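Biologist: I would like a close look at the pockets of this protein, with some care over what lines them. Could you take me through that part?

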Amino acid sequence: FIQRIGKGKLNKKASSPEGLIKLCHQLVSNNSEATLFSLAKIILDDFLAFNDEQKKHFFSLVLSQFSAEKAELKKALERLSVDNEKQLRAIHKLAEPKSHELLRRLNQVPNGTAVLLKMRESLLRSLKKSPELKPLDADFVHLFRSWFNRGFLRLERIDWSTSAQVLEKIMEYEAVHDISDWDDLQNRVAAPDKRLYAFFHPALPNEPLIFIEAALLNEAPSSIMSILDKDTKPINPLSASTAAFYSISNCQMGLKNVSFGSFLIKQVVAEIEQEFKQVKQFVTLSPVPGLKKWAKQSALSGDKGLPENIASDIQECCGNSKPNQRALARVAYYYITQVKKNGQSINPVAHFHLGNGASLNQIHLEANNNKLALEDSWGVMVNYLYDIETVAKNHEDYANLEPVAVSSKLTKSIQGKKKKILAYTS
């Protein structure tokens, strides 16, 4: 599978998953730096040329042939003395799947990290039909969490002077509110009352990993339209009292379950506090994805676990082209604060912010008139408040499955004279 051409040169002859696996075994067993470099490059180039079925077969071969040293591990465990540090470390080495070393060696070549991210993207697609590959995916996540440790990441402010290559990536990766054109992008990165920050990794200098967009305002926003409207006159940022985070976009699918969004928010808060000392309030303007789908499913199933008043509100919302506003507010409140799985909010955006220690502060109806937003959540958006004095406690309470943190003013407004809304877990 490897043909030498001249001294120290290699030419690939692998054109199948089986051939590539043989090269992988050579890569793991060979300690020659020059050979390692050439082998790794061949493996990565060949993998990219595979079709989806070949990639899935390759992943299956890696999982079966690059596992832990089971026989040796069993012997070591039989003679283990828990007080013997040397034995414990030897067992740790035997227990580590050989796939870890394979991925580490593939990562050593230029552009290796970028290709491994693409490799995991392919693996995630393969998992949909082949869930038995999950252990291999866990290997990727384990290593990526080390390689993309917060200590390696660099925070950069993106503005109109940023390279066109990066600006194009921002337009491509925006996942919450599409950037329609260059004028739209300019409004988000060059307006005096807007900020956009991104995390970068040294191995991917022109590839943002995640970015966040913020607007400097005089109060918490109730609508996304005014923020995104290019004709809205910017305010003097030195007069702003509030920073509103209105979009957070993960850019690399290959980094799924490798989370650094909470670090990004906290560091951006610190950046804004340093630049604008008069800004004291930090909130989000967040969508409520899945609200309408959940409500419709609950209405169709006649969910017996719902409180009677919430079931009635859901029927009201789903049965009319324009829902009653108070009914919709109560449904949104209930969905965010009470609909849970394993004790945590089933809504991914709520889970992210509440898990970071934010509190649900305000619910805004007709906050987004975008067609997709109306179809997804009736255009409802909410403010999550990041209060420095309560973030740590809120985070701990949420982790311990305590009730989510909610503004007392909002709770009183939602409940009115009705009885307290009962907890509901799906």
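Modeller: What follows describes the largest pocket and then the second largest one. Please keep in mind that this is a predicted model, and that the volumes and linings below are computed from it.

The largest pocket has a volume of about 790 Å³, and among the 32 residues that line this pocket, those closest to its centre are Ile210, Ile248, Ser249, Asn250 and Phe352. Two or more lining residues come from each of α7 (112-127), β6 (242-250), β8 (286-287) and α16 (348-355), and of these elements β6 gives the largest share of the lining, with six residues. When the lining of the largest pocket is divided by class, 18 residues are nonpolar, 10 are polar and four are charged.

Turning to the second largest pocket, its volume is about 490 Å³, and its lining consists of 24 residues, with Val176, His177, Asp178, Asn368 and Asn370 lying nearest the centre. Here the elements that give two or more residues to the lining are α10 (182-189), α11 (225-228) and α17 (371-377), and the largest share, four residues, belongs to α17. The classes in the lining of the second largest pocket come to 12 nonpolar, seven polar and five charged residues.

For orientation on the model itself, then, the strand β6 is the element to look at for the lining of the largest pocket, where it gives the largest share, while the helix α17 has that place in the lining of the second largest pocket.

Conventions. Residues numbered from 1 in each chain as written. Predicted model: local features only at pLDDT ≥ 70, side-chain atom pairs only at ≥ 80, totals over all residues. Heavy atoms only, no water. 1 Å grid on protein atoms, 1.4 Å probe; cavity = no way out; pocket = protein on both sides within 12 Å on 5 of 7 lines; lining within 4 Å. Points joined across faces, edges and corners; volume = space filled by probe spheres on them. Nonpolar A, V, L, I, M, F, W, Y, C, P; charged D, E, K, R; others polar.
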